[in-house]
Amino acid sequence: LILPAACGRVLPAPCRSAWCHLMPILVERCCKRELAYQGNTSGPFIPPLSPAGIRVSTPLPPCQLAAVQSFAESYKIRSGIQEYDILTLPDSDAVNVSSFLCFFFQAGITEMLSRVWDSQPKVIKFSRKHQRGSAANGLRRQKRDWVIPPINVPENSRGPFPHLLVRIRSDQDKDVGIRYSITGAGADQPPSGIYNIDPISGNMFVTQPLDREDRASFHLRAHAVDMNGNQVENPIDLYIYVIDMNDNRPEFQNQVYNGSVAEGSKPGSSVMQVTATDSDDSTTANGMVRYRILSQTPHSPIPNMFTINSETGDIVTVAAGLDREKVSQYTIIVQATDMEGNLNFGLSNTATALISINDINDNPPELTVRTFSGEVPENKVNVVVTNLTVVDRDQPHSPNWNAVYRIVSGDPTGHFTIRTNPITNEGMLTVVKPVDFEMNRAFMLTVVVSNQAHLASGIQSSLQSTAGVTISVQDVNEPPVFPVNPKVIRFEEGVPAGTTLTVFAAQDPDHFIHQIVRYSKLSDPANWLKINRTNGQITTMALLDRESIFVKNNVYEATFLAFDNGSPPASGTGTLQIYLIDVNDNAPVLIPREAQVCDRARPNSRINITAADADADPNVGPFVFELPSFPASVRRNWTISRLNGDYAQLKLRISYLEASVYEIPVIVSDSGNPPLSNRSTIRVKVCPCDDNGDCSATGAVAAAGLGTGAIIAILISMVLLFVVWMKRREKERQAKPLLIDPEDDVRDNILKYDEEGGGEEDQDYDLSQLQQPESLDHIINKPAGVRRVDERPAIAESQYPVRSSLPHPGDIGDFINDGLRAADNDPTAPPYDSLLVFDYEGTGSTAGSVSSLNSISSGDQDYDYLNDWGPRFKKLADLYGGGDDD
């Protein structure tokens, strides 16, 4: 299409006119043929017959022009999925271009142009260097090569495929046979097979629909070689651009957007931003997205409370009146449309924007009534007097809703406080300091309620935020109270029993009710005191001793109970503390009570002594230490020297004293008025010492009062005891072994019962043999030659004699021998390889346990005759009759 240059300069943006017609003269030059059409805006136009034989006789519908510049002085007009190049030329004098709006190729015009183009495809030739000039000087001038324009292919073409794009041609195809080929991504490289070329004709085809969003351009190289594969032309670069079509809807990043704005915001306040993207070319209208609001829910206070920036997607408020207490959330449906928002041609998509209205403290709390009332018993704390109810329309459980209560008047001493219930927001008026009915019978409080957060700017506090509270105090029977508690008195210890110490009386705080107070003792650890039941007089029942274990830090403590006759009775406790003044009633005691010194006087051989006194200052130290005059040997052998008020030293007066233990009396006196003395004895061990002044072992024994002979005797005795002990040990190791194998000893071993014996033939036993026989006479009287056999004879079973319940221990041997002889002579006895039973008690036997042998025997029973029974009874003889080991 060849248009005047002036037409290109005034080519407008995408046409938005309702109708546009072909206004200027289109001049198409193709293969040296011209086709002219004359159009107007008055109605249908009849163009002259075209060389292709197509006549257009219908008015043009609405159109859209995509003024996309692909290269210099080149534009495209799109109709449906097809686009056409427009090249501008300088000759435009004869064309009226003032009313040129846009071009639309529809129906016949599109068909006509497609036939013309298909009949004459674009031919791209290899660049050639043409030389001319004088042969004499060899100068040649080179012509400029052609600039090969890009090849534009629309995406999503419906075909048919393969579709011819261009023809590649070499000027040398008339002289030699040429073979054409293309290389590059889309041809012989991935994605391969999109483009191919006829190697003989050079026709280049596209084989499938293209997707610009997958790949927007291709770079191929065309090659020309002869039949032998020799290059006849330099390769040329082919640039193929995929022309975008509006085949993608805008897509929102989220289907639901959440935003918020404070209630009461001014118009123009930013709320949120929504974003949608379009995969189409963003430099064309196909990818230019515009936003608009489709709906708002609810329509309060007006249907259009918000607007959206069509290009950025920013949502802002456009009207005042946002009130969270009326509408807490808005739902906005936002639409995004491409083609710069053209609803006729653009593709659209929607998303939801949820706008939450943030609460501000624009509603002050209001008390439900102007006056509250309540009652409280006296002397009670942590009691809720009344609940203050409040109403606040702000968001619950937020600082704008949480109530804070204050008492502004009526409680100067702080008896009450108001705590907020975190769930109901009520104020709990609570007693924190006991109230006294006798002092205040009622309280009139003024309370004020506010929020944790300050009220919003311009919001005034409500008159209903203040209320009065009337509190009545209920009188209750109060316990008697000791005016001074604890009460402290001072007395000297040792006061006699029956002494009156004090009157510990209580007062009844119920002044308006006359009641009688009585007293009793509650705690008296030493049981020293008693109290008068009527007047509370305290007297002693025993001596008060400051040194008693019940006295702590010179103070004796007792508690007493005072109770009235009210209904119900009430009682109170009082503590009496008696500070006991010390008197000198305890004599000092010498410390230590034992010591040791060397038998020879040495500088360091001395004993430090002191005294302990249960009294307190000034009835303790300094102490006086002295030796008594009797016996005279004490002062002759020992001496005491004073170190300080509490310590003295006891040491030998003579140079040598025989090693022994000496009891030395010492008189100790305290500093009381009058002083008390005590004669104490210190036990001193005098012993020989080594060079270091320490008592030697021999010396220590000697000091214990043992002579040399005694010491030698003790050592010899120790040696003898050791030798005897060793002999006994040796004899125990050489003792005879037991009569039976330890594994067969049934006393402390596990018996094995799983041995089957000789076989099944041996199992047919007559268990009657285990029964206790009545007599052995019939067996004893049998001939002597009869012995047991290997099979049971067919004769009557033997009857064994009954054993007495309490046999004499001396009959045991005879009884066993009788049983042995009876078994040996009994032909009915079991086989010889079976266990012989000498005694079976049976069920309900009157025989006692074997353990009864020891319990019924006297301690002086002689069992030595067991040694005569042979080796089988050796162990029994050792156990009962005594043996060599004893």
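1. Start at the surface of this predicted model. Val719, Phe722, Val723, Trp725 and Met726 make a nonpolar surface patch of about 510 Å².

2. Two members of the patch have their exposure worked out here. Trp725 has a relative accessible area of 47%, so it is partly exposed. Met726 is partly exposed too, at 39%. Met726 sits in helix H5.

3. Now the rings. Across the whole structure, a search finds 11 aromatic pairs. Among them is Phe504 with Phe560. Their ring centres are 6.2 Å apart and the planes meet at 85°, so this pair is edge-to-face; planes over 60 degrees apart earn that label.

4. Where do Phe504 and Phe560 lie? Phe504 is in the loop between strand S33 (500–503) and strand S34 (518–523). Phe560 belongs to strand S37 (residues 555–563). The pair therefore ties together parts that are 56 residues apart in sequence.

5. Are these two rings buried or exposed? Phe504 is buried, with a relative accessible area of 2%. Phe560 is buried as well, at 0%. The cut-off for buried is under 20%.

6. A second pair takes us back to the patch. The ring centres of Phe722 and Trp725 are 6.3 Å apart, with planes at 35°, so the pair is tilted. Both residues lie in helix H5 (residues 708–733). They are three residues apart, about one turn of the helix. Both also contribute to the nonpolar patch.

7. One last point on Phe504 and Phe560. Ring pairs link them with Phe482 and Tyr519 into a cluster.

Conventions:
Residues numbered from 1 in each chain as written. Predicted model: local features only at pLDDT ≥ 70, side-chain atom pairs only at ≥ 80, totals over all residues. Heavy atoms only, no water. Phe/Tyr/Trp six-rings, centres within 6.5 Å; stacked < 30°, edge-to-face > 60°. Helix = DSSP H or I, 4+ residues; strand = E, 2+ residues; numbered from the N terminus. Buried < 20%, exposed > 50% of the residue type's maximum accessible area, 1.4 Å probe, protein only. Patch = residues over 30% accessible without salt bridge, like charges linked within 9 Å, V, L, I, M, F, W, Y side chains within 5 Å. Areas by Shrake-Rupley, 256 points an atom, 1.4 Å probe, with all protein chains shown as cover. Salt bridge = Lys/Arg side-chain N within 4 Å of Asp/Glu carboxyl O.
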